[in-house]
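This report covers one protein chain. The sections below go from overall fold to single residues.

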Amino acid sequence: MEKSPQTASGHRFRYYDLVMAAFVTILLLSNLIGASKPSYVDLPGIGSWSFGAGVLFFPVSYVIGDVLTEVYGYARARRVIWTGFAALLFMAFMAWVVVHLPPAAGWPGQAAYEFVFGNSWRIVLASMVAFWVGEFANSYVLAKMKLWTEGRHLWMRTIGSTVVGQGLDSLIFYPLAFWGLAGWPVELLWQVVLSQWAIKTAWEALLTPVTYAVVGALKRAEGVDLFDTATDFSPFASTRN
């Protein structure tokens with residue numbers, strides 16, 4: 001197997017594009033369908049505990065992000081993160097245009113459509129900033145921990161990077177999007193932030209066997225095991241290494 005990003009610069013990857021497509025798909029759907037709806041569960045001894053509905057599926061994008069960084073390296077994960085960012089930006093623009101188009105006479109769904117898709121600039125901005133910061137932090141921590149551990153303890157790297165990345169994502173998104181809005185008292189807001197962080201991290205831990213299986217299969221199929229020993233970790237770098 002190849003051990004440095006330089007020797008992989010001319011390598012043709014078989015599944016990189018498919019992993020990128022999966023990442024962007026889950027990212028868009030989790031932001032489109034579940035981001036702004038709070039739900040709850042009844043916990044014994046605690047009572048009702050609120051969480052953002054998107055937390056059920058959004059962490060899968062972090063699992064795929066871990067796979068990307070672990071198998072293909074930080075630089076290629078960076079390209080995917082920017083691709084996802086551009087997709088989110090276009091989704092927000094398309095939603096704004098469609099919501100503001102006048103509905104045909106007699107169509108009864110405009111109010112419901114605006115409620116579901118008419119996110120305010122705050123929610124759009126919060127989603128974009130939280131995604132950008134969280135994903136880059138996740139990928140950076142994972143890549144650095146791979147160097148520190150010399151490629152051992154994948155479970156430690158994936159969970160550790162998720163604690164940082166998802167923590168920043170939750171801490172940025174909910175206060176920036178909903179602070180001061182009706183229906184979002186401060187105690188609910190912080191409860192959702194904490195529950196998002198805990199649930200996302202728990203999802204990562206539960207999916208660790210899946211991560212191991214996917215990472216192992218992709219490394220064997222691609223014939224690489226990349227270490228970011230000479231990588232430019234700036235989010236704005238244009239190099240592949």
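## Overall fold

Which pattern does the chain follow, read along the sequence? The order is α-β-β-α-α-α-α-α-α-α. The chain has eight helices and two strands. Helices (H or I, at least four residues) and strands (E, at least two) are DSSP runs, numbered from the N terminus.

The model is predicted: local features need pLDDT of at least 70 and side-chain atom pairs count only at pLDDT 80 or more, while totals for chains, interfaces and linings use all residues. Residues are numbered from 1 along each chain as its sequence is written, and side-chain values use heavy atoms, with hydrogens and water left out.

## Size and packing

The radius of gyration of the chain, taken over C-alpha atoms, is 19 Å. The globule rule (2.2 Å times the number of residues to the power 0.38) gives 18 Å for 241 residues, so the chain is as compact as a globular protein of that length. Along its principal axes, the C-alpha trace spans about 60 × 50 × 30 Å.

Buried residues make up 46% of the 241 residues. Buried means under 20% relative accessible area, exposed over 50%, and partly exposed in between (1.4 Å probe, protein chains only). The chain exposes about 12,100 Å², and carbon and sulfur atoms supply 71% of that area. Accessible areas come from the Shrake-Rupley method with a 1.4 Å probe; for residues, only the protein chains shown count as cover. Of the contacts (heavy atoms within 4.5 Å) with a separation of 6 or more, 79% join residues 24 or more positions apart.

## Nonpolar cores

In soluble globular proteins, nonpolar side chains tend to be buried together. A nonpolar core is a set of buried Ala, Val, Leu, Ile, Met, Phe, Trp, Tyr and Cys residues joined through side-chain atoms within 4.5 Å. The largest one here has 30 residues. Tyr16, Phe23, Leu68 and Tyr72 have the most contacts inside it. Helices α1 (16-33), α2 (59-72), α3 (74-100), α5 (121-148) and α8 (208-222) each supply at least two residues of this core. Another core, of 12 residues, lies apart from it; Ile123, Phe178, Trp184 and Leu189 are among its members.

What does Tyr16 touch, leaving aside its neighbours within four places in sequence? Its contacts are Leu68, Tyr72, Arg76, Arg79, Val80 and Glu222.

Thr211 lies in helix α8. The residue is buried, with a relative accessible area of 2%. Leaving aside neighbours within four places in sequence, Thr211 is in contact with Val63, Val67, Thr158 and Glu204.

## Salt bridges

How many salt bridges does a search of the whole structure find? There are seven. A salt bridge is a side-chain nitrogen of Lys or Arg within 4 Å of a carboxyl oxygen of Asp or Glu. One of them joins the side chains of Glu70 and Lys219 (2.7 Å, N to O). Glu70 lies in helix α2 and Lys219 in helix α8, so the pair ties together parts that are 149 residues apart in sequence. Both residues are buried.

Lys200 and Asp169 also meet in a salt bridge (3.1 Å, N to O). Lys200 lies in helix α7 and Asp169 in helix α6, so this pair links parts that are 31 residues apart in sequence. Lys200 is buried at 2% relative accessible area, and Asp169 is buried at 7%. Salt bridges that share partners join Glu70, Lys146, Arg157, Lys219 and Asp225 into one network.

## The α5–α6 loop

Glu150 lies in the loop between α5 and α6, as does His153. Both have positive phi in a residue other than glycine: near 55 degrees for Glu150 and near 60 degrees for His153. Glu150 is exposed, with a relative accessible area of 57%. His153 is partly exposed at 40%.

Arg152 forms a salt bridge with Glu150, the closest N and O atoms being 3.2 Å apart. Arg152 is partly exposed, with a relative accessible area of 46%.

## Surface patch

Val163, Val164, Leu168, Leu194 and Trp197 make a nonpolar surface patch of about 380 Å². Helices α6 (154-178) and α7 (186-206) are the elements that give two or more residues to the patch. The largest share, three residues, comes from α6. Leu194 is found in helix α7. Patches are made of residues with over 30% relative accessible area and no salt bridge: like charges are joined within 9 Å, nonpolar side chains (Val, Leu, Ile, Met, Phe, Trp, Tyr) within 5 Å.
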